Amino acid sequence: MGQNKNAMTLRQTAKDCIKDGRQTEAFLHLSHALKLDEGNVEILSERSKCCIENLQYHFALEDAKKILELSPDSWLGHVRLAEIYMSTSNYEEALGCYQTGFQCMDSDKVHCKTQMDRCKREMAIDSRTHMQLPWVGSALGIIVSSMFLVLDYLAHGSESYLAHPILKVAVCGAAATAGYWSARLYREYTLRLRKQMLEPPLDLLADFSLLDKPHKD
């Protein structure tokens, strides 16, 4: 009973820290509370949300999965998981989690439906961006190359190395191609980055721990 009371006190302290913008301190208080009251899904949920606000998505993901292990029939874990995916722009995964949470008996149907609609809107925007971005890059390439050709003509006139019309077309075509593939590569990098945000952070002390181990002769 005493431990549960201490855990409640720590939870309240963590909430005060979050209100003041001290997410790291709140995380420590919630972690201490979990040691006193292991398996408390509400504390896990609060710590997961705290990690989301602190941009520690991998740790938030671990807590959300732990909630699902402890209480698979509750909507809480599914919603926390969806919030993590939404925060990292993984909209398809977020939509699936909200749909699963919507089907739970204890779920807030209105909240889940609202977030499901939001996911669909974000997915539609993201899909349009995926299709349009390469062509925007191509258009920018044409604009930049055209400006370059105009400045080159003003500076050198007919004596320019690019005076021939075929060379001008070639420059514009090359710039358009470069802009197209640059935008494609940027888009692929963005999609990969969304997944990497959920991966565990690098263990910077791993190399130092290897140095401490005795070497075998």
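Helix α3 of this predicted model has many buried residues: I43, L44, S45, E46, R47, S48, C50, C51 and I52. The list mixes residue types. It includes L44 and I52, but also E46 and R47.

The helix covers residues 41–53. Its length can be checked against its residue count. At 1.5 Å a residue, the 13 residues of α3 should span 18 Å, and the C-alpha atoms at the two ends are 18 Å apart, so expectation and model agree.

Both ends of α3 have a feature to inspect. At the N-terminal end, N40 acts as the cap. One of the side-chain oxygens of N40 lies 3.0 Å from the backbone nitrogen of E42. Just after the helix comes L55, with a positive phi of about 65°.

Now follow α3 to a partner. R80 sits in helix α5, which runs over residues 75–87. Is R80 buried or exposed? Its relative accessibility is 12%, so R80 counts as buried; the cut-off for buried is under 20%. Which residues does R80 contact, once neighbours within four places in sequence are left aside? They are S45, S48, K49, I52, A64 and I67. Among these, S45, S48 and I52 are also on the list of buried residues in α3.

Next, turn to the helices further along the chain. S138 belongs to α7. With a relative accessibility of 12%, S138 counts as buried because the value falls under 20%. Not counting residues up to four places away in sequence, S138 touches A176, G179 and Y180. Helix α8 spans residues 165–196, and R184 is found there. R184 is partly exposed, with a relative accessible area of 31%. Look from R184 to R22, 162 residues away along the chain: their C-alpha atoms are separated by 39 Å.

Finally, consider the empty space. Rolling a probe the size of a water molecule over the atoms shows where such space is left. The largest pocket has a volume of about 220 Å³. It is lined by 13 residues, and the closest to its centre are S89, E92, D126, L191 and R194. Which elements give two or more residues to this lining? They are α6 (91–102), α7 (109–156) and α8 (165–196). Thus α7, the helix of S138, and α8, the helix of R184, both return here as pocket walls. By type, the lining divides into three nonpolar, four polar and six charged residues. E92, D126 and R194, listed among the closest to the centre, count as charged.

Key: Residues numbered from 1 in each chain as written. Predicted model: local features only at pLDDT ≥ 70, side-chain atom pairs only at ≥ 80, totals over all residues. Heavy atoms only, no water. Helix = DSSP H or I, 4+ residues; strand = E, 2+ residues; numbered from the N terminus. Expected span 1.5 Å × (residues − 1). Buried < 20%, exposed > 50% of the residue type's maximum accessible area, 1.4 Å probe, protein only. Polar contact = N/O pair within 3.5 Å; in protein donor to acceptor, adjacent residues only side chain to side chain. 1 Å grid on protein atoms, 1.4 Å probe; cavity = no way out; pocket = protein on both sides within 12 Å on 5 of 7 lines; lining within 4 Å. Points joined across faces, edges and corners; volume = space filled by probe spheres on them. Contact = heavy atoms within 4.5 Å.
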